[in-house]
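Biologist: Could you take me through this protein step by step, in words that a student in the first year can follow?

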Amino acid sequence: MALRLGDTAPNFKAQTSEGPIDFYEYLGNGWGILFSHPADYTPVCTTELGKTALLSDEFAKRNTKVLAVSVDPLDKHEGWIKDINETQKTTVNFPLIADSDRNVATLYDMIHPNASATATVRSLFIIGPDKLVKLIITYPASTGRNFVEVLRVLDSLQLTANYSVATPADWKEGEDVIVVPAVSTEDAIKKFPKGVKVVKPYLRYTPQPNK
Ligand code: BEZ
């Protein structure tokens with residue numbers, strides 16, 4: 001059955017461009033992003049892996065490890081990574097899984113047969129320190145991901161985990177956030193010393209707590 005939000009992210013062992021890994025050991029106690037690509041030597045994926053490498057400081061700031069999946073074998077990954085480094089002006093510094101037996105693709109339901117019988121779709125999972133699935137986004141092969149959005153969701157998820165706040169539509173770093181319904185207004189006033197603006201009893205804003 002397909003994974004859903006709140007499910008436990010399945011653990012796996014895999015061969016990667018940086019050696020064998022155990023997924024949970026690789027993630028440690030931090031956050032993780034697992035994302036798939038249709039195949040090696042494809043144009044959109046080349047830009048995505050390059051962008052992920054270029055954003056490595058942003059992921060590190062958020063205590064987040066990234067891990068890419070492609071169903072091609074290791075020797076193919078090695079040549080492709082050289083191309084990515086050359087064309088995207090970066091150094092791929094995270095593992096790329098060689099998922100030739102489609103073990104990871106199957107565990108994470110990354111093959112959608114009506115899109116392609118063999119290639120993975122562009123799936124992305126954010127996994128929390130509790131190893132639960134926090135976000136699933138699926139793009140078609142022809143659309144590169146919006147990594148600004150990926151970082152934005154990561155920030156939102158981390159705010160919820162750390163401060164019991166949610167983020168409104170189109171929220172950006174530094175803007176006011178929303179007090180989650182589980183926190184009463186009385187408690188919110190104590191919890192958020194920067195102030196709570198009550199628009200409706202169920203719609204309460206507070207300045208971003210970690211700013
Ligand atoms: C790609 O992965 O780059 C790609 C795959 C299918 C159609 C277009 C681009």
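Modeller: Let me begin with a definition: helices (at least four residues) and strands (at least two) are DSSP runs, numbered from the N terminus. The model is a predicted one. Counted in this way, the secondary structure of the protein chain comes to seven helices and 11 strands.

Biologist: How far apart are the C-alpha centres of domain 1 and domain 2?

Modeller: The C-alpha atoms of the whole chain fill a box of roughly 60 × 40 × 30 Å along the principal axes. Within the chain, residues 13-145 make up domain 1 and residues 163-206 make up domain 2. Taking the C-alpha centre of each domain, the separation is 34 Å.

Biologist: What percentage of the contacts with a separation of 6 or more comes from residues 24 or more positions apart?

Modeller: The protein chain has 211 residues, and buried residues make up 44% of them. For the contacts with a separation of 6 or more, the part that comes from residues 24 or more positions apart is 65%.

Biologist: Why do the buried residues of α4 lie on the same side of the helix?

Modeller: Helix α4 covers residues 74-88 and reaches 20 Å from its first C-alpha to its last, close to the 21 Å expected at 1.5 Å a residue. Its buried residues are His77, Trp80, Ile81 and Ile84. They are placed on the same side of α4 because they cover an arc around the axis of only 115 degrees.

Biologist: Which elements do the buried residues of α4 pack against?

Modeller: It helps to set the two faces of the helix beside each other, beginning with the face turned away from the buried side, which carries the exposed residues Asp75, Lys82 and Glu86. The buried residues of α4, in turn, pack against α2 (43-54), β4 (64-70) and β5 (96-98).

Biologist: Is lysine 89 buried or exposed?

Modeller: Lysine 89 follows α4 and has its place in the loop between α4 and β5. Its phi is near 55 degrees, a positive value in a residue other than glycine. Most residues other than glycine have a negative phi. With a relative accessible area of 66%, and with the cut-off for exposed set at over 50%, lysine 89 is therefore exposed.

Biologist: What is the relative accessible area of tyrosine 41?

Modeller: Tyrosine 41 is found in the loop between β3 and α2, and its phi is also positive, near 55 degrees. Tyrosine 41 counts as partly exposed, and its relative accessible area is 43%.

Biologist: How many residues apart are phenylalanine 23 and tyrosine 108?

Modeller: The model holds six aromatic pairs. Phenylalanine 23 and tyrosine 108 form one that is edge-to-face, with 6.4 Å centre to centre and 85 degrees between the planes. Phenylalanine 23 lies in helix α1 (residues 23-27) and tyrosine 108 in the loop between α5 (103-107) and β6 (122-127), so that the pair links distant parts of the chain, although both residues are buried. In sequence they are 85 residues apart.

Biologist: What kind of aromatic pair do phenylalanine 35 and phenylalanine 94 form?

Modeller: Phenylalanine 35 and phenylalanine 94 have ring centres 6.3 Å apart and 45 degrees between their planes. Phenylalanine 35 is in strand β3 (residues 31-36), whereas phenylalanine 94 is in the loop between α4 and β5. Since planes under 30 degrees apart count as stacked and those over 60 as edge-to-face, the pair is tilted.

Biologist: How far apart in space are alanine 68 and proline 95, C-alpha to C-alpha?

Modeller: Alanine 68 lies in strand β4 and, at 0% relative accessibility, counts as buried. Beyond its neighbours within four places in sequence, it is in contact with several residues, including Phe35, Phe94 and Pro95. Alanine 68 and proline 95 are 27 residues apart in sequence, and in space their distance is 6.5 Å.

Biologist: Which ring has the charged end of lysine 65 sitting over it?

Modeller: For comparison, the charged end of lysine 197 sits over the ring of tyrosine 205, 5.6 Å from its centre. The charged end of lysine 65 is 5.1 Å from the centre of its ring, and that ring belongs to tyrosine 26.

Notes:
Residues are numbered from 1 along each chain as its sequence is written. This is a predicted model: local features need pLDDT of at least 70, side-chain atom pairs count only at pLDDT 80 or more; totals for chains, interfaces and linings use all residues. Side-chain values use heavy atoms; hydrogens and water are left out. Domain bounds come from an automatic or database domain assignment. The expected span of a helix is 1.5 Å times one less than its number of residues. Buried means under 20% relative accessible area, exposed over 50%, partly exposed in between (1.4 Å probe, protein chains only). The arc is that of the directions from the helix axis to the C-beta atoms. Contact means heavy atoms within 4.5 Å. Rings of Phe, Tyr and Trp (its six-membered ring) pair if their centres lie within 6.5 Å; planes under 30 degrees apart count as stacked, over 60 as edge-to-face and the rest as tilted. A charge sits over a ring if NZ of Lys or CZ of Arg is within 6 Å of the ring centre and within 35 degrees of the ring normal.
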